[in-house]
Amino acid sequence: MIRIARATQASSSVIADMEVDTKEFPLTYDQVKEYTTSRSRRAYVASIHGKIVGHVLITAWESDSYETGNDKLVSIDSLGVLPSFRGKGISYDLVHAARDKAIDYGTRNLIIIVPHYTIEDKDDPWNILGWLERMGFQYHRLFTDELVRYGKKYDAYIYLRKT
Ligand SMILES: CC(C)(COP(=O)(O)OP(=O)(O)OC[C@H]1O[C@@H](n2cnc3c(N)ncnc32)[C@H](O)[C@@H]1OP(=O)(O)O)[C@@H](O)C(=O)NCCC(=O)NCCS
């Protein structure tokens, strides 16, 4: 059975390891830890039989920096499921945890920031666009040169889902 729970600071190193296993540019331990300690951020983990197998990191924004037409929004900053646990519906539950947080926070705007390199990787048979569509996200806008990973700037796409 899949269990979703808010992550505590003690889970930060497990989540940081999962970033490495699921992301091309993983967030560092310190960056992950911020999601378990900051008031405006949250980390949720998915577990199966006590083993953490997925995570989602979100931020609640006070003002709309992404032109979604609302003064508040929640962004999914990172989401990953360990390769051997994919295809079991775990990402549905993680997106729902983010959606519930957005509803609690009083906004209908849930966005996900998708780095350009994730979509353009032609060698990746696991097409992320299909997953985004399945999760109810729609293309919102290009985020030019604003995503910074390891000191380098990347284009990203913003996908929006109305909760
Ligand atoms: C994308 C990812 C999160 C999917 O996790 P998952 O737990 O295997 O996905 P689920 O089992 O919850 O699938 C949910 C639905 O999306 C569909 N789906 C999943 N990946 C898909 C893809 N690449 N293309 C089309 N549909 C896809 C599933 O078939 C399922 O739909 P269904 O219920 O109609 O069968 C996982 O592959 C991953 O961690 N990838 C690397 C990190 C990443 O890209 N994160 C997302 C952007 S930050």
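**Stop 1: helix H1**

Select Ser13, Val20 and Asp21. These residues of H1 are exposed. The model is predicted, so read the tour as a tour of a prediction.

Now turn to the other side of H1. Select residues 12-22 for the whole helix, then pick out Ser12, Ile15, Met18 and Glu19: these are the buried ones. Why do they lie on the same side of H1? They cover an arc of only 120° around the axis, which puts them there. The general rule helps here: an α-helix has 3.6 residues a turn, so residues three or four places apart point the same way.

What do the buried residues of H1 pack against? Show helix H2 (29-37), strand E2 (41-48), strand E3 (51-61) and strand E4 (73-81). Those four elements are the packing partners.

**Stop 2: the sheet**

Colour the strands by number. Seven of them form an open sheet, in the order E1-E2-E3-E4-E5-E7-E6. The pairing is mixed. Select strand E1 (2-6) and strand E6 (138-149) to mark the edges: each pairs on one side only. From one strand to the next, the twist averages 30°.

Keep H1 on screen. H1 packs on this sheet and touches E2, E3 and E4. Its direction makes about 75° with that of E4.

**Stop 3: the E2-E3 hairpin**

Select E2 and E3. They run antiparallel and are joined by eight bridges. Label Tyr44 and look across to E3: Val56 stands opposite.

Follow the chain into the turn. E2 and E3 form a hairpin with two residues between them. Select His49, which lies in the loop between the two strands. Check its backbone: phi is positive, about 50°, although His49 is not a glycine. Is His49 buried or exposed? It is exposed, with 8 other C-beta atoms within 10 Å. That count falls under the cut-off for exposed, which is 12 or fewer.

**Stop 4: strand E4 and its two partners**

Move on to E4. This strand is mostly covered: eight of its nine residues are buried.

Take the E3 side. E3 and E4 run antiparallel, and eight bridges join them. Two pairs are worth labelling. Leu57 has Ser78 as its bridge partner in E4. Trp61 has Leu73 as its bridge partner, also in E4.

Now take the E5 side. Strand E5 covers residues 109-115. Here the sense is parallel, and E4 and E5 pair over three bridges. Label Ile76 and find Ile112 opposite, in E5.

**Stop 5: the ligand**

Select the ligand and show what is around it. How many residues surround the ligand? There are 20, and the closest are Arg86, Ser91, Gly130, Trp131 and Arg134. Three elements give two or more residues each to this shell: E4, helix H3 (90-105) and helix H5 (128-134).

Colour the shell by class. Eight residues are nonpolar, nine are polar and three are charged.

Stay on helix H5 and select Glu133. With 13 C-beta neighbours inside 10 Å, Glu133 counts as partly exposed. Draw a distance from Glu133 to Ser12, C-alpha to C-alpha. The two are 29 Å apart in space and 121 residues apart in sequence. Ser12 is one of the buried residues of H1, from the opening stop.

**Stop 6: the E6-E7 end**

Finish at E6 and strand E7 (residues 152-162). They pair in the antiparallel sense, over eight bridges. Label Leu142: its bridge partner is Tyr157, in E7. Recall that E6 is an edge strand.

Select Asp155, also in E7. Which residues does Asp155 touch, not counting residues up to four places away in sequence? They are His116, Leu142, Phe143, Thr144 and Asp145. Asp155 has 15 other C-beta atoms within 10 Å, so it is partly exposed.

One last distance. Draw it between the C-alpha atoms of Asp155 and Val45: they are separated by 28 Å. Along the chain, these residues are 110 residues apart.

Technical notes: Residues are numbered from 1 along each chain as its sequence is written. This is a predicted model: local features need pLDDT of at least 70, side-chain atom pairs count only at pLDDT 80 or more; totals for chains, interfaces and linings use all residues. A residue is buried if 20 or more other C-beta atoms lie within 10 Å of its own, exposed if 12 or fewer, and partly exposed in between; C-beta atoms are placed from the backbone. The arc is that of the directions from the helix axis to the C-beta atoms. Two residues are in contact if their C-beta atoms, placed from the backbone, lie within 7 Å. A residue is near a molecule or strand if its C-beta atom, placed from the backbone, lies within 6 Å of it. Ala, Val, Leu, Ile, Met, Phe, Trp, Tyr, Cys and Pro count as nonpolar, Asp, Glu, Lys and Arg as charged, and the others, Gly among them, as polar. Two strands pair if DSSP finds at least two bridges between them. Axes are lines fitted to C-alpha atoms, for helices over the stretch in contact, and angles run from 0 to 180 degrees between N-to-C directions.
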